[in-house]
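Visitor: I am new to this structure and would like a close look at one part of it. Could you walk me through the side-chain contacts slowly?

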Amino acid sequence: MLMKSIAAGLAGTALFATVAIAQAPTATTDKTPTAATTATTTTTTASGEWRASKMAGLKIYNDAHENIGSINDLLMDKNGDVKIAVIGVGGFLGMGEHLVAVPYDKLKFVNEAVAYTGTGTNPNARPAATTTTGAATGTDKTVTTSTTASSTSKWYPDHAVFNASKDELKNMPEFKYAE
């Protein structure tokens with residue numbers, strides 16, 4: 001019985017030694033750098049850049065501060081330069097929306113919220129950080145909407161401006177994706 005215990009102990013020790021040797025790192029004499037050490041990055045921060053994923057859904061206003069649609073997609077050339085913005089006009093929750101393609105360089109991107117000063121309420125106004133209500137005359141109120149939030153920390157502009165009315169966009173040829 002003692003002999004069986006000693007044999008089992010030696011076999012177990014040999015087994016553990018084999019596993020330990022297999023895990024020991026081997027020294028290499030190859031002096032070529034690995035791919036991980038030769039890869040370089042251009043930058044680790046992207047200050048002032050916009051994320052393309054945040055551009056989809058960005059509201060578009062005209063010069064009269066009317067909401068005329070939103071960006072559905074951005075199309076780029078093979079060099080990665082954005083050439084066309086696909087704008088969704090009209091519709092409700094994506095149903096009945098009319099898609100049009102406009103040159104990307106015709107959009108003007110703005111970091112500040114839409115400013116609206118007028119009588120009554122602005123149906124296109126976005127929630128703002130501060131709202132000032134002036135003196136009321138009768139039932140009309142003058143509403144001034146502004147924002148005090150810093151847009152330098154955002155990864156996307158507040159909105160875009162395109163010089164057209166909603167009706168003009170709806171009358172443009174409908175954009176269709178090629179199969």
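Guide: Here is a walk that begins at one loop residue and moves on to the side-chain pairs.

A word on the source first: this is a predicted model, in which local features need pLDDT of at least 70 and side-chain atom pairs count only at pLDDT 80 or more, while totals for chains, interfaces and linings use all residues. Residues are numbered from 1 along each chain as its sequence is written, and side-chain values use heavy atoms, with hydrogens and water left out.

Let's start with E97. You will find E97 in the loop between β3 (82-89) and β4 (98-103); strands here are DSSP runs of E with at least two residues, numbered from the N terminus. E97 has a relative accessible area of 25%, so it is partly exposed. On this scale, buried means under 20% relative accessible area, exposed means over 50%, and partly exposed lies in between, using a 1.4 Å probe and protein chains only.

Who are the partners of E97? Leaving aside residues up to four places away in sequence, E97 touches N72, G88, V89, G90, G91 and E174, where contact means heavy atoms within 4.5 Å. With N72, the side chain of E97 makes a polar contact of 3.1 Å. A polar contact is a pair of N or O atoms within 3.5 Å; within protein, one must be able to donate a hydrogen and the other to accept it, and residues adjacent in sequence count only if both atoms are side-chain atoms. For a sense of spacing, I87 is ten residues from E97 in sequence, and their C-alpha atoms are 9.5 Å apart.

Now follow the contact from E97 to E174. The side chain of E174 forms a salt bridge with that of K176, at 3.8 Å from N to O; the term means a side-chain nitrogen of Lys or Arg within 4 Å of a carboxyl oxygen of Asp or Glu. E174 is partly exposed at 43% relative accessibility, whereas K176 is exposed at 61%. The structure holds two salt bridges, and K83 and D77 also meet in one, at 3.9 Å from N to O. K83 is partly exposed at 46%, and D77 is partly exposed at 26%.

Finally, look at the rings. There are three aromatic pairs in the structure. The ring centres of F175 and Y177 are 4.9 Å apart and their planes stand at 85 degrees, so this pair is edge-to-face. Rings of Phe, Tyr and Trp (its six-membered ring) pair if their centres lie within 6.5 Å, with planes under 30 degrees apart counted as stacked, over 60 as edge-to-face and the rest as tilted. F175 is buried at 19%, while Y177 is partly exposed at 42%. Elsewhere in the list of rings, W50, Y104 and F109 are linked into a cluster by ring pairs.

Methods:
Helices (H or I, at least four residues) and strands (E, at least two) are DSSP runs, numbered from the N terminus.
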